[in-house]
Amino acid sequence: AMACGLWLVTTRVAVHSELADLLPEGTTATQRLLLTQVRTGMAGRILLLAVEGGEPDALAQASREFGRRLRATGQFDVVENGTQALAKPDQELLFKSRYLLSRHIGPDAFSADALRHALEQRLDDLRSPLASLIKETIPGDPTGEFLGILNDWSRQERAETYRGVWMSGDHSQALLVAETTAAGFDADAQATIQQDIRKAFDTLPGKPASLRLLMSGPGVFAVEIKQTIEREIWWLSAAASTLVGLFLLASYRSVTLVLLSVIPLSTGIVAGMVAVHSWFGFIHGITLGFGITLLGVVDDYPIHLFSHLNGRSSPESVIRSIWPTMRLGVLTTVIGFSSLLLAGFPALAQLGLFAVVGLVSAAAVTRWVLPACVPPAFVPRDVSRGIVPALAQLTRARLLVPSAVVLAACALMWSDTPLWQTDLASLSPVSEVRKQQDQRLRRELGAPDVRDLLVIEGTTAEDVLQRSEAVTAQLEQLRVGGLVAGYELVSTYLPSRRSQQARQQIVPDRSTLESNLQAALVGLPFAPGLFAPFLDAMEVARTQPLLDRDAFHGTALGMKLDALLMEQQGRWTAVVPLRGVTDRSHLNDVVAGWAVSGVVYVDLKEESNRLMTAYRDRTVAILVWGMLAIAGVLAVGLKSIKVLGPVLLPMLSALLVVAALMNSVGESLSLFHVATFLLVIGLGLDYALFFNRPEGTDEERARTLYGLLVCSATTILVFGVLACSAIPVLHAIGMTAATGSLCCLLFAGLLADKELHVDA
């Protein structure tokens, strides 16, 4: 079975490191939208690039060549640095559809006076430095609708320009924005793209050696997080395994024992990985990192067996004598972790399934396999009986437990540190320096923040586009008033069918248009017949099919429309990324005051925090029910409600004290602290059950106590290593479990009743 399991792990089990894989589906439409944006949204696909370390002229030259190379890779929907032009297919489609897309077409747009004014503007354009770019469009578009569309779109760009490329305000950095074809949280694809970006930069012709490339954005963070998780998993596993092995060797002075303890441990980890992969289709790196915590829990089972070996009884008879107590501890721990399967959060469900299967497998191997592997008459080491009176002395100080509980309660009530962590961003291993760099580049570029969105919903795409047009004026007022620095509205790129039809109706018939054009041309130096393409195009525009999102399929604009306008469960939604929001509370009030149906402001950070808080509250509720179930199982297993006190009180006291200790060092409790409390519950029950287990002789009791000390020490070692992790989730688990193990052992010893007979 172990060979099959190892084969599955090495050949079939997929280990993922993308944080998006651990996110839930969400319970509300807003939450589902949030999680969709996190996984595949446009804001998540944006990479912010900066070239620094040279003179402005060198930076500008490098930016132009760098941008050209990136566009040629085919890995980006858009690469912008101030010099970009639309691709040929996009230009042709926009030019053909200019009279449907232009918002400048009004009732008198094609009167003789309006045409005269437009033609005079074209003459001015021909005298400008841009004449070579404009000249070829004038015969087919004398009113400048195509250029007007491009100007409307270019208003999204806010970066300062130097020598035709974007620059930071002090001209120390050339700036670029790239929108990847891959989702921002697809870490593997993002890693490949970023590697190609660095290669393109390093091979720029004539690049000064002093130039440096900076990259930021969700995709960059996703790659860094994945690399951090993979790196942390291996060094944490190696460090914890080494420390536990050395400690067991020092405690029992037996290499055989250390090797035997690997059997239930490795079985539990392999079984847990296979179970999680079978259920979810993959196992996450954080789940695998949590799996090493089984070193500190599963090792308790063989340690209990080894501690009770005395050379007089066979390993089979020893395990039979301690199995009722061990079985009750395993059962209650499994009940606790089973509650995570009901939390509805994939991260917790994976942790719960891994722990349940791993614990059960390791316990079963310890019970039925390990005794057969122990050499005959094997005795790890003699244990001094002096440990028994030491425990008796310890129980005289049992008042320390209620004192610690009272102090912990007071500390929590008067602490300045919030009890609960509501900022999901605090769980990210990305450093503050990298976050600040990202914000600085966003300010320089005017790139949309991944936090602020306007959400427009409707039953059809047409409803959404009409509502988008309805709020255009209000959004422009917000921009002018400084409440937002900018926005990206889907109707800017794709007007509603109603607007397109209205523009078609404005286009006059050919004879009327030709008459107005002749009147407008009087006295102007344009060649006769120059505007025949214009007359033909207008004739086509009067009857051409209206545009929808599908018309732009396969173009860069189509990709942008797909990111801004989407369908979910039969309803259409448009997202409007906002830049530079100065007052989120006021913005929320202003948008609510518009009274436009289906339009709301969403602060993704606050919404994600509410999402995590909801799952935390649900997990806490499940935890409470799980504890009640554990109490019921203990009452049945111990055959008495009266004896629950010495078993449950140490664990409950430890939970409160651990929460207070975490709070006192400035750590607020997160969803993952709550999950780790289940582990503390399991440890506390295991220690308390064995502390209160009836022993026939002082030698047996000494062996039990020594085994408990070794169990606790290995747990503290493992979770102490985990507490050193740079990943906040694993750090939280490690700190909570290490502190909890120490408190559980101490409190169980203080409250132990050596006269209590527990028949489990």
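## Reading helix packing and cores

Student: Where do I start with two packed helices, say α29 (residues 604-638) and α30 (residues 644-664)?

Tutor: Two packed helices are described by the angle between their axes and the distance between the axes. In this predicted model, the axes of α29 and α30 come within 10 Å and cross at roughly 155°.

Student: What does that angle say about how α29 runs relative to α30?

Tutor: Angles over 145 degrees count as roughly antiparallel, so α29 is roughly antiparallel to α30. Their crossing is right-handed.

Student: Which residues make the contact?

Tutor: From α29 you have Met-627, Ala-631, Leu-634, Ala-635 and Leu-638. On the α30 side, look for Leu-644, Val-647, Leu-648, Met-651, Leu-652 and Leu-655.

Student: How do the residues of that contact divide into nonpolar, polar and charged?

Tutor: Eleven are nonpolar, with no polar and no charged residues in the contact of α29 with α30.

Student: Now, how should I read a nonpolar core?

Tutor: Start with the general idea: in soluble globular proteins, nonpolar side chains tend to be buried together. Here the largest nonpolar core has 119 residues, and Leu-348, Leu-634 and Tyr-687 have the most contacts inside it. Helix α31 (residues 671-691) gives the largest share of this core, 16 residues.

Student: What does Leu-348 touch?

Tutor: Leaving out residues up to four places away in sequence, Leu-348 touches Leu-340, Ala-343, Thr-619, Leu-671, Phe-672 and Ala-675. Apart from the largest core lies another one, of 45 residues, with Leu-101, Phe-552, Leu-557 and Leu-587 among them.

Student: Let's try single residues. Is Gly-352 buried or exposed?

Tutor: Buried means under 20% relative accessible area, so Gly-352, at 0%, counts as buried. You'll find Gly-352 in helix α16 (residues 346-368). Beyond four places away in sequence, Gly-352 touches Phe-337, Leu-340 and Leu-341. Take Leu-341: eleven residues separate Gly-352 from Leu-341 in sequence, and their C-alpha atoms are 5.9 Å apart.

Student: And where is Leu-288 found?

Tutor: Leu-288 is in helix α12 (residues 285-291). Its relative accessible area is 15%, so Leu-288 is buried too.

Student: Which residues does Leu-288 touch?

Tutor: Not counting residues up to four places away in sequence, Leu-288 touches Val-15, Ile-233, Met-273 and Ile-283. For a comparison of sequence and space, pair Leu-288 with His-16: the two are 272 residues apart in sequence, yet 9.8 Å apart from C-alpha to C-alpha.

Methods:
Residues are numbered from 1 along each chain as its sequence is written. This is a predicted model: local features need pLDDT of at least 70, side-chain atom pairs count only at pLDDT 80 or more; totals for chains, interfaces and linings use all residues. Side-chain values use heavy atoms; hydrogens and water are left out. Helices (H or I, at least four residues) and strands (E, at least two) are DSSP runs, numbered from the N terminus. Buried means under 20% relative accessible area, exposed over 50%, partly exposed in between (1.4 Å probe, protein chains only). Contact means heavy atoms within 4.5 Å. Axes are lines fitted to C-alpha atoms, for helices over the stretch in contact, and angles run from 0 to 180 degrees between N-to-C directions. Angles under 35 degrees count as roughly parallel, over 145 as roughly antiparallel, 65 to 115 as roughly perpendicular and the rest as oblique. A crossing is left-handed if the near helix is turned anticlockwise from the far one by less than a right angle, and right-handed if clockwise. Ala, Val, Leu, Ile, Met, Phe, Trp, Tyr, Cys and Pro count as nonpolar, Asp, Glu, Lys and Arg as charged, and the others, Gly among them, as polar. A nonpolar core is a set of buried Ala, Val, Leu, Ile, Met, Phe, Trp, Tyr and Cys residues joined through side-chain atoms within 4.5 Å.
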